[in-house]
Amino acid sequence: MPAYARSEATPPRVHKAKIVVAGGFGTGKTTLVGAVSEVKPLLTEAPMTQASESVDALSGVESKTTTTVAMDFGRITLPTPGAAPDIVLMLFGTPGQDRFHHIWNDLSHRAVGAVVLVDTRRLTDAFGIVAYFEGQQLPFLVAVNLFDNAPRYLLDEVREALRLDASVPVIACDARDRQSVLNVLTSLVRHALIRLPASPHPVLGVRR
């Protein structure tokens, strides 16, 4: 047996899982990743240019001056009770604009679940993203980012507006708040673990 081979009798101390953080333009994806990452996040924020104003809808987020052009990356460890291995979530934030849609396939490859972050001021931006993950048969939940000046709706109203299946969790969150983001991620992991047997996506170390 090679010296580097892992004994089946010795379970790993951690399991790793890839999570996609998606959402429309300006919904707070970069903020969410930065709020919870235990390492310095890798960000690809770039200043917005006049050229992008003609292709990116800024209604409701007029004060935004930067945009993600490739991806955000962060990492967070979720301790598990008892002797079970911890779960390390590798967070990949997507660009929000439709013109970066081609990147979503790469970022979703071998992911175990996705967070769809929504802004109630621009709820229609989420239609295409929800349809994308439904088509991928990737477990996802919808997290409503509670912006200070955004209209508030009951979560069931958001579910109805987005025409979500009853099995898709919808929760409220503050993307700036670490504990709130942890609640989103733990909810997604629980949801993904329930759905994984029916998912065609390989799992990176997560076991029920």
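## Helix packing and a crossover: worked exercises

The axes of helix H1 (residues 29-36) and helix H6 (residues 178-195) cross at roughly 100° and come within 9 Å. This is a predicted model: local features need pLDDT of at least 70, side-chain atom pairs count only at pLDDT 80 or more, and totals for chains, interfaces and linings use all residues. Residues are numbered from 1 along each chain as its sequence is written, and side-chain values use heavy atoms, leaving out hydrogens and water.

**Exercise 1.** Classify the H1 and H6 crossing, then list its contact residues.

*Solution.*
- Step 1. H1 is roughly perpendicular to H6, because angles of 65 to 115 degrees count as roughly perpendicular.
- Step 2. H1 supplies Leu 32, Ala 35 and Val 36; H6 supplies Arg 178, Val 181, Leu 182 and Leu 185. Contact means heavy atoms within 4.5 Å.

**Exercise 2.** Do likewise for H3 and H4, adding the handedness.

*Solution.*
- Step 1. The axes of H3 (residues 101-108) and H4 (residues 126-136) come within 12 Å and cross at roughly 40°.
- Step 2. H3 is therefore oblique to H4. Oblique is what remains once angles under 35 degrees (roughly parallel), over 145 (roughly antiparallel) and the perpendicular range are taken out.
- Step 3. The crossing of H3 and H4 is right-handed (the near helix is turned clockwise from the far one by less than a right angle).
- Step 4. His 101, Trp 104, Asn 105 and Ser 108 of H3 meet Ile 129, Tyr 132, Phe 133 and Gln 136 of H4.

**Exercise 3.** Find the partner of Val 142 in E8.

*Solution.*
- Step 1. Strands E7 (residues 140-145) and E8 (residues 170-173) pair in the parallel sense over four bridges; pairing needs at least two DSSP bridges.
- Step 2. The bridge partner is Val 170.

Notes:
Axes are lines fitted to C-alpha atoms, for helices over the stretch in contact, and angles run from 0 to 180 degrees between N-to-C directions. Helices (H or I, at least four residues) and strands (E, at least two) are DSSP runs, numbered from the N terminus.
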